[in-house]
Amino acid sequence: MPTNKPSPATSPRSMPLGSTADPDAAAFWAAAIPSYRTSCVWWVVSAKQEVTRQRRFDQLLAACAAYDLIPPQRYGAVPAWLTRLRATRPDA
């Protein structure tokens, strides 16, 4: 039976952001709240084409490195967790 949740193979912990060459992206990913990480994973893996998945993953890496949200999450007020996280950014 299909579900709307990512499989364990595509869970937030299995995303290779922790091993990325950009330490800012890895730090952001590790500090982001679990529900945001889950949304990001689902956004990447739900794409039907591999090209789109890769483009979304690249956008995710860039957003993490910039301490920003992925495009579908950029609406309304900035979440409080993101404001607190940006304040702890090493070059802030």
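Which pattern does the chain follow, read along the sequence? I read α-α-α-α. I keep in mind that this is a predicted model.

**Entry 1: the chain overall**

I counted the secondary structure next. The chain has 4 helices and 0 strands. I then looked up burial. Of its 92 residues, 30% count as buried. I also checked how contacts spread along the sequence. Taking contacts between residues at least 6 apart, I find that 57% join residues at least 24 apart.

**Entry 2: helix α4**

I went to α4, which spans 80-87. Which residues of α4 are buried? I noted Trp81, Leu82 and Leu85. These residues sit on the same side of α4, because they cover an arc of only 95 degrees around the axis. I turned to the other side of α4 and found Arg84 and Ala87 exposed there. Then I asked what covers the buried residues of α4. The cover includes α1 (23-31) and α2.

**Entry 3: Leu82**

I picked Leu82 in helix α4 for a closer look. Leu82 has a relative accessible area of 1%. It counts as buried because that value is under 20%. Which residues does Leu82 contact, leaving aside its neighbours within four places in sequence? I list Phe28, Tyr67 and Leu69. I also took a C-alpha separation. Leu82 and Ala32 are 50 residues apart along the chain, and their C-alpha atoms are separated by 7.7 Å.

**Entry 4: Arg86**

Arg86 is also in helix α4. Is Arg86 buried or partly exposed? I found it partly exposed, with a relative accessible area of 31%. I looked up its distance to Phe28 as well. The C-alpha atoms of Arg86 and Phe28 are separated by 8.9 Å. Along the chain, the two residues are 58 apart.

**Entry 5: Tyr67**

Tyr67 came up as a contact of Leu82, so I checked its backbone because of that link. Tyr67 lies in the loop between α3 (50-65) and α4. What is phi of Tyr67 near? I noted a value near 55 degrees, which is positive in a residue other than glycine. Most residues other than glycine have a negative phi. I looked up burial too. Tyr67 is buried, with a relative accessible area of 4%.

**Entry 6: cysteines**

How many disulfides does a search of the whole structure find? I got 0. A disulfide is a covalent bond between the sulfur atoms of two cysteines. I then asked why Cys40 has no bond to Cys64. The sulfur of Cys40 is 6.1 Å from that of Cys64, its closest cysteine sulfur, and this is too far for a bond. The cut-off I used is 2.5 Å. Seen from Cys64, the closest cysteine sulfur is the one in Cys40. I checked exposure for both. Cys40 is buried at a relative accessible area of 0%. Cys64 is buried, also with 0%.

**Entry 7: the largest pocket**

Last, I looked for pockets. The largest pocket has a volume of about 160 Å³. How many residues line the largest pocket? I counted 16. Nearest its centre lie Tyr36, Leu69, Gln73, Pro79 and Trp81. I sorted the lining by type. It divides into 9 nonpolar, 4 polar and 3 charged residues. I also asked which helices supply at least two residues each to this lining. I noted α2 (34-45) and α4. Two residues of this pocket tie back to earlier entries. Trp81, nearest the centre along with others, is one of the buried residues of α4. Leu69, also among those nearest the centre, is in contact with Leu82.

Notes
Residues numbered from 1 in each chain as written. Predicted model: local features only at pLDDT ≥ 70, side-chain atom pairs only at ≥ 80, totals over all residues. Heavy atoms only, no water. 1 Å grid on protein atoms, 1.4 Å probe; cavity = no way out; pocket = protein on both sides within 12 Å on 5 of 7 lines; lining within 4 Å. Points joined across faces, edges and corners; volume = space filled by probe spheres on them. Nonpolar A, V, L, I, M, F, W, Y, C, P; charged D, E, K, R; others polar. Buried < 20%, exposed > 50% of the residue type's maximum accessible area, 1.4 Å probe, protein only. Arc of directions from axis to C-beta. Contact = heavy atoms within 4.5 Å.
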